[in-house]
Amino acid sequence: MTLALRRRTLLAVVLACLLCTGAGAGAATLLKSPAQAAAETVAPPPDVLTAPVVRKVLAQSVVTRGKVTASQHVEITAAGTPAGVGRAVVTKVRAEPGATLKAGQVLLEVSGRPVVLLQGAMPAYRDLMRGTSGEDVTQLRKALAGIGYPSHGDAPGEFGAATEQAVTRFYRARGYAPPTSSGNADKGTGAGAGTAGGRRLPMIPLSEVAYVASPTARADTVTAQVGDDANGALLSVTSGALVVKGSVASYEKGLIRPGQKVEILDEATGTSASGTVASVSDRPAKERDGESAQSGEAYALRVTSAKALPEEFNGADVRLTVVAASSHDEVLAVPASAVSAGADGLTSVTVRGGGRERRVAVRVGMTGDGFVQITPREPAAVAEGDQVVVGVQTRDRS
């Protein structure tokens, strides 16, 4: 055998040994004894979760939704066709959605005649003219006097010459000729009512006035457009103090009583206000959307604010937090998950400190905001700042 051949043979043997050695080392890292494999798959000890004992005022709250709306909603319609006009057509619109309206303001025109907003609790139901009398006349005169057109010369509740003068001045100040009567005002007022010696006299037609309870109102919806036939509702207005209407579920109703404090929160703007429960209905109103008939009974809830709500709240969908009960003073409290009842019938918490745990018997009081009031059966067995066990958490080996 030549020297070169011997060298190649030796090199091949060395390489084969190196390969065998590497394979053996790799196998040693992959192959484990059963004891070693079992030890490595045992779960790590769990972490004990604790929370501090605190002193705080507990409040039991009910959270629901509500809608802010004015106490009065009025739809303005064209009540008939103005005298001497063949067709009722919208000729002007002077109110925009969301605009603030004042008593005495012209809302729109129908065939050239105004529809005016006045303050009053009673809706108009007849034409008013010389010779008419009643509560609606009293309301008209009071509404006109409130915006600067008094009628002191007439007897209470009577539509007389002083009221005619007030009506005339009111219309002319707004750029319109006062409407005039064309015959008897109403049955029982006597023949010739509304005229004087054949002369047509100023009047207030049913079709030209709309009453709201407050001196100001808000245009809610405006459907009328110039050129449209004046049919149906032309616009709607809201007035009166803003109130909040909501509902509570049947299982919450027993917690709600008039006079309880309420936080009113407009989440869109972050604005909040304080209020109180005004009423909660005795009978269910309707089922809540998306809930079954069994769980969906809802009871109407009405909330009033401590101060007048700003106008920007009108129409807002708000969150209502009703404080159903409160501890008033600070009490010793722990998270609800820290309290447990044992087989011996004792309610207790587990206090953890210095690596040790001790069970402390307690009496529980009111609950609220996820906490429970506790009173240790042995004085000073639990104090503010102590750590109590609220659960365990298994650690992930990965």
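How many bridges join strand S13 to strand S14, and do the two run parallel or antiparallel? Select residues 261–266 for S13 and 271–280 for S14: 6 bridges join these strands, and they run antiparallel. Before going further, keep in mind that this is a predicted model.

**Stop 1: the hairpin and its neighbour**

Stay with the pair you have selected and highlight glutamate 263; its bridge partner in S14 is serine 274. Now move to the connection. The hairpin of S13 and S14 has 4 residues between the strands, and there glycine 270 takes a positive phi near 80°.

Next, add residues 297–305, which make up strand S16. S14 is joined to S16 by 5 bridges, again in an antiparallel arrangement. To find your place in this pairing, label threonine 276 and its bridge partner in S16, threonine 304.

**Stop 2: the largest nonpolar core**

Show side chains for Val244, Ile256, Ile264, Leu301, Phe313, Val318 and Leu320. Of the 22 residues in the largest nonpolar core, these touch the most other members. Strands S3 (59–77), S12 (233–249), S13, S14, S16 and S17 (317–326) each supply at least two residues of this core. S17 gives the most, with 4 residues. As a general background, nonpolar side chains in soluble globular proteins tend to be buried together.

Center the view on phenylalanine 313. Leaving aside residues up to four places away in sequence, Phe313 touches Val68, Leu242, Ile264, Asp266, Thr271, Ser272, Ala273 and Val318. There is also a second, separate core of 20 residues, which includes Ala95, Val110, Val115 and Leu117.

**Stop 3: the open sheet**

Which strands form the open sheet, and in what order? Its 4 strands follow the order S4-S6-S7-S10, with mixed pairing. S4 (90–93) and S10 are the edge strands, each pairing on one side only. Neighbouring strands of this sheet are turned by 20° against each other on average, direction ignored.

Zoom in on the S4 edge and select residues 106–110 for S6. S4 and S6 run antiparallel and are joined by 3 bridges. Look there for valine 93, which stands opposite leucine 108 in S6.

**Stop 4: helix H3**

Select residues 135–146 to bring up H3. This helix lies across S7 and S10, running at about 90° to S7. Its buried residues are Asp136, Val137, Gln139, Leu140, Arg141, Ala143 and Leu144, and they pack against S7, H4 and strand S10 (209–212).

For a quick geometry check, take the end C-alpha atoms of H3: they are 16 Å apart, which agrees with the 16 Å that its 12 residues should span at 1.5 Å a residue. Following H3 you will find glycine 148, whose phi is positive, near 105°.

**Stop 5: helix H4**

Finish with residues 161–173, helix H4. Where do its buried residues pack? They pack against strand S7 (113–119) and helix H3. To see that packing, show Ala162, Thr163, Glu164, Ala166, Val167, Thr168, Phe170 and Tyr171, the buried residues of H4.

The length check works here too: at 1.5 Å a residue, the 13 residues of H4 should span 18 Å, and its end C-alpha atoms are indeed 18 Å apart. Just after H4, pause at glycine 175, which takes a positive phi of about 85°.

Notes. Residues are numbered from 1 along each chain as its sequence is written. This is a predicted model: local features need pLDDT of at least 70, side-chain atom pairs count only at pLDDT 80 or more; totals for chains, interfaces and linings use all residues. Side-chain values use heavy atoms; hydrogens and water are left out. Two strands pair if DSSP finds at least two bridges between them. The expected span of a helix is 1.5 Å times one less than its number of residues. Buried means under 20% relative accessible area, exposed over 50%, partly exposed in between (1.4 Å probe, protein chains only). Contact means heavy atoms within 4.5 Å. Axes are lines fitted to C-alpha atoms, for helices over the stretch in contact, and angles run from 0 to 180 degrees between N-to-C directions. A nonpolar core is a set of buried Ala, Val, Leu, Ile, Met, Phe, Trp, Tyr and Cys residues joined through side-chain atoms within 4.5 Å.
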